[in-house]
Amino acid sequence: MTATRTLTVEAARFGYGGRTVIDGLDLRVPPGRVTVIVGANACGKSTLLRGMARLLAPERGAVLLDGKDIHRTPTRQVALALGLLPQSPAAPEGIAVADLVARGRNPHHSLLSRWTRADDAAVARAMEATGVLELADRPVDELSGGQRQRVWIAMALAQETDVLLLDEPTTYLDVTHQVEVLDLLTDLNHDRGTTVVMVLHDLNLAARYADHLVAVKDGALYATGDAAEVVTARTVADVFGLRAEVIEDPVSGAPLVLPLGRHRTLRRQGVSLTKR
Amino acid sequence: MSPSSVALVRRGRLRRIRRRRTVVAGLTVLLAVLFVTSLCVGHTVYPPYDALRVVLGDTVPGASFTVGRLRLPRVLTGALAGFAFGLAGATFQTLLRNMLASPDVIGISSGASAAAVFAIVVLGLGGTPVFLIAVPAGLAVALVIYLLTYRQGVLGVRLVLVGIGVGALLNSVVSYLLLRAPAWEVQEAMRWLTGSLGSAFWDGVGPLATGVLPLSAVLLLAGRSLTALQLGDDSARALGTRVGTSRLVLVLCAVGLTSLATATTGPIAFVAFLSGPVAHRLTGGNGSPLLPAALTGAALVLTADLIGQFAFDTRFPVGVVTGALGAPCLLWLLVRSRRTQGAL
Ligand SMILES: Nc1ncnc2c1ncn2[C@@H]1O[C@H](COP(=O)(O)OP(=O)(O)OP(=O)(O)O)[C@@H](O)[C@H]1O
Ligand SMILES: [Mg+2]
C-alpha cells in the first residue's frame, strides 16, 4: 500500500463555461505527505481540487497521476487510486449510514463481482475510525451536520485509496471533532502512507497539520512550502485581506494567526510570545 | 478494528438486503395473484385452474376465447405498461432527485401520446408504425425540455416546471386532435386522455413486449450506476462511475419505456409518478429502487383495472382510477414539500 503515487498539476487552466477560475497553475503534491490548501472564499480551492480529482477537465495543461494524464485514464482506475470528499455531497433519501459508507467500495467492484468479507471489513474500519459505528443502521438524513460529515469521510476512507482529496472535511464539526478528524487523517498518513490533500478554512489548524501548505489567491498559487514559511502576517494580509499577528503556537510550534479585527483587541499588541 | 464491528456492519447489511428481497418477493406474488384474478374475473368467472390451462396453451371450451383472446392480452398489456411506467418513473425521480420529475408529470408521456394520436388520427396509421413515431417523439420532447432547462447543468425544479408547461401544451394538442377526429369511441378517446386498457388486444402485445423487455433489462442492469448517481455527479465520478454515459443510457431507456407504454395504453395517469415513492416506502430506500418500483407499477395498473372494471356499475378506464388515486398523493407531496424547505 506504500506505493507512493505522484500527483502533479502542470500549467493547468480550469474554468466553468468560458469563465476561467484558475490559469497556468503548477502544483506538485508531495507523495506520502499532508498538503493543505488555504485561501479566501471563491479563490478557486474547490475548483483546483475538483480538477485534481478528474471531475473537471483542464482547458489547458494537464493533471498527471503517476505521470499519466488523469483525463486519459478510465474513471474507475482513477477511483482506485484517488478518493475525494466533495464540498457538499448529497445523500439519497432514507439510506442507512453503513450503506452509504459501503458506496465507497464501488470502484473495487464490477457489475458481477460479489460483496466480500474484505468489503465489510473495510467499511467497519472506516466507520470505527470516524466514530460512526454506533450510527450504522440510522438513516443518514436523520443525522446532525457533524455526524453526517463524519459519515462522508468514512465513505472516502472505505475507498482505501493511496491519495485522498478532501474539500473542507472539518465543516460542521465541533472543535473536538475537527481535531479528531485531522488526527485521523494524520494517522492514516503515518500508518499507511496515504497522501492527503485537503482544503481547510481554519488557518491555525492548517498550519498545525500541514506538512506542505499551499496558499491560493485569485486562482493562482501565492505561496507554497512549510507552514512556517507560508503563514506570515504578510501572506495573511495578501491572501485573506486580513490584518493579523502571527506568533508561535506554544502547543505545536507551528505559526498561530491572531486576527486583528476592528474590535476587541487590547491597545498594546504583540503580547509576550515570540513574534514572526 | 474488532471482529464485532465487522459483524455489526455485516448484520445490518444483510438485514436490509433481506428486507428488500422480501418486498420484491411479496410484490411478485401480489402481481401473480392479480394476474390470475384478472384472468378469472369478468362477465363469466372461470376457476384459476382453467385460466392457467389456457395460458399454458390448452383448449378449454369457452375459456379459450374469453381468457385467451380477450383477458390475457389485456392483462399482459397492463402488466407490461405498468412495469415500464414504474421503471421509467423511478429512474427519472432518482436521477433528478425529485419526486415530481417523473415522465408523466414533466410531459414526456404527453409527447409520446400526442405523436401517437397524430399518427392514428391524421396519418391513419396503426400498430408498429405508431410506436416508431411515438418513441422518437418522446425522445424529442425530452430533448426540448432539457434544452429549455439547461443552464450550466443546473436542473431540478426548473426542469419540473418547464416539463409541466410542455406537457400541458401537448395535452391540448391531444384534445384538439381528438375533437377533430371523426366518430371516435369514448373508450378510444379516453385512452389518449388518461390511459385505458379497453383496446388492448394481441396485436399490440408483441411490439410492446419486444420493446419493453430489452429496455427494462438494460435499465435494471444499469441500476448500480443509478444508485451511484444519487450521490451527486462529483461523488459518483469520484467513485468510478462514468457519469455522462450512464446518465445518457438511463435517460434513453426511461424515455423509450415511457413512449412505448404510452403508445400502447395511453398515458396511464400517475403510475410512473406513484410507483417510485410507494416502492421506496416499502423497501425503506435500500438498494436500487428500480425493480421494486417496476413491480409496484405493474401491480398498480392491474389493481386499478380490476377496480375500474368491476367495482362500480359503470366501467371506468384504468387511467381514471389511477388518476383518482394519484391526484391526492401529488397534492400531499406538494404540501409536504413546504416542510422540506420548498425543495420540490
Ligand atoms: N459549477 C460552477 N459553475 C460556474 N462557476 C462556478 C462553479 N463552481 C464554482 N464556480 C465559480 O468559481 C469560482 C471559484 O469557486 P470555488 O468553488 O473553487 O471556490 P472556493 O475557493 O472553493 O471557495 P469556498 O471557500 O467558498 O469553498 C467562484 O467564483 C465560483 O463562483
Ligand atoms: Mg470550496
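This report describes the surroundings of ligand 1 and the enclosed spaces in the structure above.

The model is predicted, so local features are given only at pLDDT of at least 70 and side-chain atom pairs only at pLDDT 80 or more, whereas totals for chains, interfaces and linings use all residues. Residues are numbered from 1 along each chain as its sequence is written, chains are lettered from A and ligands numbered from 1 in the order in which they are written, and side-chain values use heavy atoms, with hydrogens and water left out.

**Around ligand 1**

Ligand 1 is surrounded by 14 residues, where a residue counts as near if one of its heavy atoms lies within 4 Å. The closest are A:Asn41, A:Ala42, A:Lys45, A:Ser46 and A:Thr47. Sorted by class, the shell has five nonpolar, six polar and three charged residues; here Ala, Val, Leu, Ile, Met, Phe, Trp, Tyr, Cys and Pro count as nonpolar, Asp, Glu, Lys and Arg as charged, and the others, Gly among them, as polar.

The table lists polar contacts of the ligand, that is, pairs of N or O atoms within 3.5 Å.

| Ligand 1 atom | Partner | Distance |
|---|---|---|
| Oxygen | A:Ala42, polar backbone atom | 2.8 Å |
| Oxygen | A:Glu168, side-chain N or O atom | 3.3 Å |
| Nitrogen | A:Tyr16, side-chain N or O atom | 3.5 Å |

On its own, ligand 1 has 630 Å² of accessible area, of which the protein covers 68%; such areas come from the Shrake-Rupley method with a 1.4 Å probe. In chain A, β2 (19-29) and α1 (45-52) are the elements that give two or more residues to the shell, and α1(A) gives the most, with three residues. Helices (H or I, at least four residues) and strands (E, at least two) are DSSP runs, numbered from the N terminus.

**Cavities**

A cavity is a set of points, on a 1 Å grid over the protein atoms alone, where a 1.4 Å probe fits but cannot get out, and its lining residues have an atom within 4 Å of a point. The structure holds two cavities of 30 Å³ or more.

The largest cavity holds about 50 Å³ of space, and its lining draws on both chains, including A:Arg54, A:Leu82, B:Arg237 and B:Ala238. The largest share of this lining, three residues, comes from α2(A), and by class the lining has seven nonpolar, one polar and two charged residues.

About 40 Å³ of space lies in the second largest cavity, whose lining includes A:Val38, A:Leu203 and A:Phe240. Helix α9 (residues 233-240) of chain A gives the most to this lining, with three residues, and the lining residues divide into seven nonpolar, one polar and no charged.

How values were computed: Polar contact = N/O pair within 3.5 Å; in protein donor to acceptor, adjacent residues only side chain to side chain. 1 Å grid on protein atoms, 1.4 Å probe; cavity = no way out; pocket = protein on both sides within 12 Å on 5 of 7 lines; lining within 4 Å. Points joined across faces, edges and corners; volume = space filled by probe spheres on them.
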